[in-house]
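Colleague: Could you take a close look at the charged side chains in this protein for me? I would like to know which ones pair up and what surrounds them.

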Amino acid sequence: MRPELFRVFYLDIGFPAYFGLLLTGFLFATALGSMWARRIGQDPDVIVDLGLACLLMGVVGGRLLHVIADGYFWDYVHLCTDPTKVDWPYNEAQCAQLVPRGSGLNLFGWYPFGEEERVARGVWDATRGVCHPPARDCFAWAKFWQGGLAYYGGFIGSSLMAVYLLKRDRFPFWKAADMAGFAVPLGLGFGRMGCLLAGCCFGVRTDGPLGLAFPANSPASEAQWKLHELPGLNHVSHPVHPTQIYESAVSFAIAAFCLLYVHGRKRYDGQVFVAFLALYAVGRFVLEFWRADDRGGLFSLSTSQLIGLAICGLAFALHKQRTRASSATPPAPPPTNAATAS
């Protein structure tokens, strides 16, 4: 686990591992998409612009779904209205520990991110024996760099942006969708490795050979402490399934299958995208049974599993619609030979 990959020179600003791997995946996916566009005779700049816009909308959509559906909605509300209703998982000593606030970045006497100072992490409630946030924060819901993004929210947000931009630029929509069918899981594979370094998206406990133990004060140790499986936050977690690695492997496998097998054998434009939708939804549905972090849910299924069921239905409907559309379209006439035509 390495939440920060490095710190930026004299500014002493950390670069989060999750976003480092997320950007790496974005660069690989965009580069692959640009080469694909050039190969089929389309403008690769459209794909670059599309990738940048989808990255931004993906972060927005992912953050919104996390806030609404991952089980933290009322915590974000109470952080703005009444912080005493929010319980942080720290003991008394950890709550009183001095931590830095503000980045200390000085631009000619102006501190755009706050002047660095050391303050108590929280406010200890001796009556209830819990730690509360030290002050109101009405923008905590928007601080995506502190963690908390839901993949399906990002997928929905970026998909809406893609529909708009592709229509605006008059780019063949279903051909671009096929490109997304192998580019998106490629980027997601890198993003899940970032989850591993950040410690989020961890799995349930296991005694198997693949089990990983996360450090003290990690999300896994916090969750196990809440379940009274650990005596305190300052203990290494019990071994858990590395579901981040599982999903990364599944995503890379889907990308390879869609690019190397489905793309060359597709019967209609959009089939690669449909295959990606179905394969990822099924893979994610199964992997969710090994996830142990908070993800919200209903009817004993997580939010991602419920969305995955809807995605499977969408993939089936798209397959039927695109198959009928392809059958109704007459095949293109073969190219004529100039010599015979004369």
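Modeller: Here is a walk through the charged residues, followed by a few other spots.

This is a predicted model, so local features need pLDDT of at least 70 and side-chain atom pairs count only at pLDDT 80 or more, while totals for chains, interfaces and linings use all residues. Residues are numbered from 1 along each chain as its sequence is written, and side-chain values use heavy atoms, with hydrogens and water left out.

Let me begin with D70, in the loop between α2 (44–69) and α3 (73–81); helices (H or I, at least four residues) and strands (E, at least two) are DSSP runs, numbered from the N terminus. D70 is buried yet has no salt bridge. Buried means under 20% relative accessible area, exposed over 50%, and partly exposed in between (1.4 Å probe, protein chains only). A salt bridge is a side-chain nitrogen of Lys or Arg within 4 Å of a carboxyl oxygen of Asp or Glu. For D70, the nearest side chain of opposite charge is R291, 6.8 Å away; here Lys and Arg count as positive and Asp and Glu as negative, with His and the chain ends not counted. What the D70 side chain does have is a polar contact with the side chain of H66 (3.1 Å). A polar contact is a pair of N or O atoms within 3.5 Å; within protein, one must be able to donate a hydrogen and the other to accept it, and residues adjacent in sequence count only if both atoms are side-chain atoms. Leaving aside neighbours within four places in sequence, D70 is in contact (heavy atoms within 4.5 Å) with L65, A150, D294, R295 and G296.

R291 itself has a partner: its side chain meets that of E288 in a salt bridge (3.4 Å, N to O). R291 is buried at 8% relative accessible area, and E288 is buried at 2%. Both belong to a network of salt bridges that links R192, E247, R284, E288, R291 and D293.

Side chains of opposite charge can pair when their charged atoms come close. The count of salt bridges comes to 13, and two further examples are worth a look. One joins D137 and K143, with the closest N and O atoms 2.8 Å apart. D137 is partly exposed, at 23% relative accessible area, and K143 sits in the loop between β6 (130–132) and α5. Leaving aside neighbours within four places in sequence, K143 is in contact with R63 as well as D137. K143 and R63 are 80 residues apart in sequence but 8.6 Å apart in space, C-alpha to C-alpha.

The other example pairs E229 with R205 (3.7 Å, N to O). E229 lies in the loop between α7 (219–226) and α8 (243–265) and R205 in the loop between α6 (173–198) and α7, so the pair ties together parts that are 24 residues apart in sequence. E229 is partly exposed at 31% relative accessible area, and R205 is partly exposed at 44%.

Two backbone spots round this off. N217, in the loop between α6 and α7, has a positive phi of about 65° although it is not a glycine; N217 is partly exposed, at 47% relative accessibility. S300, in the loop between β7 (297–298) and β8 (301–302), also has a positive phi, near 65°, and S300 is exposed at 80% relative accessible area.
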